[in-house]
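Here is a set of exercises to work through with the viewer open. Try each task yourself before reading its solution.

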Amino acid sequence: MRKKKNKDLLLALSLFAIIIISSIYMYNLFYINYVRAEKRVDFKIYQTQYKKVEGRIIIWLDQNGTLPCTNVKVTIHPDHEWSFTEVNPEQFIRLEYPKSLNTTKDIPFFQEIFVEYLFLDENIEKKDDKILWIIIDHNDIL
């Protein structure tokens, strides 16, 4: 009878330890994936359009992060450059520049976009950059 009691106690303690360890693991997993991942700056291409009649490309960039960034500079070739003092999370940036494309020869059209910015990470100003690519196909022609 004493062996059964010890076995039940050992089983209960093991179950309790598993619950505590899995709770700690889940908390750490939540913290790493949610709280730490929240502090970021991230630019994404939201939409691209080519206005055939006007010969212009329109690009919508989305600041998809959670931290505001400052001194944002967007460069497409050396000919086209835009500067923004501050870009907040979930803010869209509209870029428009002239480009003449032959819709039968030049489509799909690929274009590199270079984005530089500053942001605060735990009160330390950091500089970062990102390279994005737009692809214009027949669905993007207006």
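The exercises below concern a predicted model, and each comes with a worked solution.

**Exercise 1. The four-stranded sheet**

Task: Work out in which order the strands of the open sheet lie, and which of them stand at the edges.

Solution:
- Step 1. Trace the order: this open sheet of four strands reads 4-3-6-7, with antiparallel pairing.
- Step 2. Look for strands with a single partner. Strand 4 (80-87) and strand 7 (124-136) each have one partner strand, so one side of each is left without a neighbour in the sheet.
- Step 3. Check the turn between neighbours: on average, neighbouring strands of this sheet are turned by 15° against each other, direction ignored.

**Exercise 2. Counting bridges and placing partners**

Task: For the pairings within this sheet, find how many bridges join strand 3 to strand 4, strand 3 to strand 6, and strand 6 to strand 7.

Solution:
- Step 1. Begin with strand 3 (residues 69-76), which pairs with strand 4 in the antiparallel sense over seven bridges. Lys73 has Ser83 in strand 4 as its bridge partner.
- Step 2. Go to the pairing of strand 3 with strand 6, antiparallel and made of five bridges.
- Step 3. Use Cys69 as a landmark: Val87 in strand 4 stands opposite Cys69, and so does Phe119 in strand 6.
- Step 4. Finish with strand 6 and strand 7, which run antiparallel and are joined by 13 bridges. Here Phe109 has Ile136 in strand 7 as its bridge partner.

**Exercise 3. Unusual backbone angles**

Task: Find which residues in the two hairpin turns have a positive phi, then look for further backbone exceptions elsewhere.

Solution:
- Step 1. Recall the background: most residues other than glycine have a negative phi, and most peptide bonds are trans.
- Step 2. Inspect the hairpin of strand 3 and strand 4, with three residues between the strands; His77 in the turn has a positive phi of about 55°.
- Step 3. Do likewise for the hairpin of strand 6 and strand 7, with two residues between them, where Glu122 in the turn has a positive phi of about 55°.
- Step 4. Look inside strand 3, where Asn71 is placed. Asn71 is not a glycine, yet its phi is positive, about 45°.
- Step 5. Move to the loop between strand 4 and strand 5, the place of Glu90. The phi of Glu90 is positive too, near 65°.
- Step 6. End with the peptide bond between Ile107 and Pro108, which is cis, with omega about 5°. Pro108 sits in the loop between strand 5 (92-98) and strand 6 (109-121).

**Exercise 4. The largest nonpolar core**

Task: Identify which residues of the largest nonpolar core touch the most other members, and which element gives the largest share.

Solution:
- Step 1. Among the 26 residues of this core, Phe43, Ile57, Ile59 and Val115 touch the most other members.
- Step 2. Several elements give two or more residues to the core, including strand 1 (43-51) and strand 2 (56-63). The largest share, five residues, comes from strand 6.
- Step 3. Zoom in on Ile59. Beyond its neighbours within four places in sequence, its contacts include Ile45, Ile76, Ile93, Ile113 and Ile134.

**Exercise 5. Is Asp42 buried or exposed?**

Task: Classify Asp42 by its accessibility, and find which side chain makes a polar contact with it.

Solution:
- Step 1. Locate Asp42 in the loop between helix 1 (2-38) and strand 1.
- Step 2. Apply the cut-off: buried means under 20% relative accessible area. Asp42 has 13%, so it counts as buried.
- Step 3. Its side chain and that of Lys130 are joined by a polar contact of 2.5 Å. Among the other residues in contact with Asp42 are Asp62 and Asn64.

**Exercise 6. Aromatic pairs**

Task: Describe how the rings are arranged in the pair Tyr46 and Phe92 and in the pair Tyr117 and Phe119.

Solution:
- Step 1. The model has four aromatic pairs. Tyr46 and Phe92 form one that is edge-to-face, at 4.8 Å centre to centre and 65° between the planes.
- Step 2. This pair links distant parts of the chain, with Tyr46 in strand 1 and Phe92 in strand 5, 46 residues apart. Tyr46 is exposed at 55% relative accessible area, whereas Phe92 is partly exposed at 36%.
- Step 3. Tyr117 and Phe119 form a tilted pair, 6.1 Å centre to centre with 45° between the planes. Tyr117 is buried at 3%, and Phe119 is buried at 13%.
- Step 4. Ring pairs link Phe43, Tyr117 and Phe119 into a cluster.

Methods:
Residues numbered from 1 in each chain as written. Predicted model: local features only at pLDDT ≥ 70, side-chain atom pairs only at ≥ 80, totals over all residues. Heavy atoms only, no water. Pairing = 2+ DSSP bridges. Axes fitted to C-alpha atoms, helices over the stretch in contact; angles between N-to-C directions. Core = buried A, V, L, I, M, F, W, Y, C linked by side-chain atoms within 4.5 Å. Buried < 20%, exposed > 50% of the residue type's maximum accessible area, 1.4 Å probe, protein only. Contact = heavy atoms within 4.5 Å. Polar contact = N/O pair within 3.5 Å; in protein donor to acceptor, adjacent residues only side chain to side chain. Phe/Tyr/Trp six-rings, centres within 6.5 Å; stacked < 30°, edge-to-face > 60°.
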